[in-house]
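Trainee: I have a protein model to read and no plan. Can you walk me through its features?

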Amino acid sequence: MTPQDWGFLCGLLATKTPQELAARPFVPTAAKLSQGEQALLTAPAQRHTWKPTSAPQYQRHNLSARGSVPFLLAAHAVNEGINAINKSRAQSKAQGQWIVESSGTLTVTTHGVHYLHPETWATIHWTNSEMCELPAPDVYEVHFRTGQSGNRLGLRLRTIWAPLLFAMTAFASHPGHPRLHDRSWVPPQVAHLYPEVSADLARRAAQRARGEHP
């Protein structure tokens, strides 16, 4: 994220009223917007999906050796070490991993975020999040329930606007999130720019967490 991008992001977060948002320049988007929803920016993004795998499977290597007792003991220890490594690798792989599912277009709006792709499109409202995180400066992670089936869905979006997505989600659904209050959501290379914006965001989030009107 460049200083110019950070300045734009801070300008969005500092906008407090619908009137101020309505005064922002029009942003064209192919996303289907609801009544009163306004696009704030569009950008390329990657969608990552968690893919669990099957139960751990590995082939145990059985020892077959001849020789003296010390040699056999040493060979047995080496063989067990190899088996332990293979088992650990199989268990780690079985836990699943985030994989790149598609590359598409991101539209950030006043209501949420739209990821546009012919097969893996997604719409996430800021207030529908059950959990959100920022595992990397350019990776936004969110878990939510889909409107059609109510099934829980987790996904990651890789984009330079990940801090904005995280801040808007956390402010709407998780005002007590530690990252809002220790400013760790701010990209380190721009942390010295506009410090009052992230501090004000944390203050408003704390007020909302206490049930006060910011």
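Trainee: Which helices do the buried residues of α6 pack against?

Mentor: One thing before that. This is a predicted model. Now the packing. The buried residues of α6 pack against α1 (3-14), α4 (162-173) and α5 (178-182).

Trainee: Which residues of α6 are buried?

Mentor: Buried means under 20% relative accessible area. In α6 that covers V197, S198, D200, L201, A202, R204, A205, A206 and Q207. Just after the helix, look for G211. Its phi is positive, near 85 degrees.

Trainee: What span should α6 have, and what does the model give?

Mentor: Use a rise of 1.5 Å a residue. Helix α6 has 15 residues, 195-209, so the expected span is 21 Å. The end C-alpha atoms of α6 are 21 Å apart, which agrees. Repeat the test on α4. Its 12 residues should span 16 Å, and the end C-alpha atoms are 16 Å apart. That agrees too.

Trainee: How many residues of α4 are buried?

Mentor: In α4, 10 of the 12 residues are buried, so the helix is mostly covered. The buried set is A162, P163, L164, L165, F166, A167, M168, T169, A170 and F171.

Trainee: Now α1. Where around the axis do its buried residues lie?

Mentor: Start with the general idea. An α-helix has 3.6 residues a turn, so residues three or four places apart point the same way. Now the case. The buried residues of α1 are W6, L9, C10, L12 and L13. They cover an arc of only 160 degrees around the axis, which puts them on the same side of α1. What covers these buried residues includes β1, α4 and α6. The span test works here as well: 12 residues in α1 should give 16 Å, and the end C-alpha atoms are 16 Å apart.

Trainee: How do I read aromatic pairs? How many are there in the whole structure?

Mentor: Look at two things: the distance between ring centres and the angle between ring planes. A search of the whole structure finds 3 aromatic pairs. One of them is W6 with W185, a tilted pair. Their centres are 5.7 Å apart, with 45 degrees between the planes. This pair links distant parts of the chain. W6 sits in helix α1, W185 in the loop between α5 and α6, and they are 179 residues apart. Both W6 and W185 are buried.

Trainee: Why is the pair of W50 and W98 edge-to-face?

Mentor: Planes over 60 degrees apart count as edge-to-face. The planes of W50 and W98 stand at 65 degrees, so the pair is edge-to-face, with ring centres 5.7 Å apart. This pair also links distant parts of the chain: W50 is in strand β1 (residues 39-51), W98 in strand β2 (residues 97-109), 48 residues apart.

Trainee: Is W50 buried or partly exposed?

Mentor: Partly exposed, with a relative accessible area of 37%.

Trainee: On to strands. Which strand is joined to β1 by 4 bridges?

Mentor: For strands, note the partner, the direction and the bridges. The partner here is β7 (residues 152-158), and the two strands run antiparallel. Within β7, R156 is the bridge partner of H48. Strand β7 also pairs with β6 (residues 139-145), in the antiparallel sense, over 7 bridges. There, V139 has R158 as its bridge partner in β7.

Trainee: How many residues lie between β5 and β6 in their hairpin?

Mentor: The hairpin has 2 residues between its strands. Strand β5 (residues 129-136) pairs with β6 in the antiparallel sense over 5 bridges. In β6, V142 stands opposite C132.

Trainee: Pick one residue for me to practise on. What surrounds H114?

Mentor: First place it, then list its neighbours. H114 is in strand β3 (residues 112-116). At 5% relative accessibility, H114 counts as buried. Beyond four places in sequence, H114 touches A31, K32, L33, E37, T105, L106, T107, T109, A122 and T123. With E37 there is a polar contact, side chain to side chain, at 2.9 Å.

Trainee: Last, the overview. How many helices and strands does the protein have?

Mentor: There are 6 helices and 7 strands. Along the sequence the pattern reads α-α-β-α-β-β-β-β-β-β-α-α-α. Of the 214 residues, 38% are buried. Take contacts between residues at least 6 apart in sequence: 58% of them join residues at least 24 apart.

Conventions:
Residues numbered from 1 in each chain as written. Predicted model: local features only at pLDDT ≥ 70, side-chain atom pairs only at ≥ 80, totals over all residues. Heavy atoms only, no water. Expected span 1.5 Å × (residues − 1). Buried < 20%, exposed > 50% of the residue type's maximum accessible area, 1.4 Å probe, protein only. Contact = heavy atoms within 4.5 Å. Polar contact = N/O pair within 3.5 Å; in protein donor to acceptor, adjacent residues only side chain to side chain. Phe/Tyr/Trp six-rings, centres within 6.5 Å; stacked < 30°, edge-to-face > 60°. Pairing = 2+ DSSP bridges. Arc of directions from axis to C-beta.
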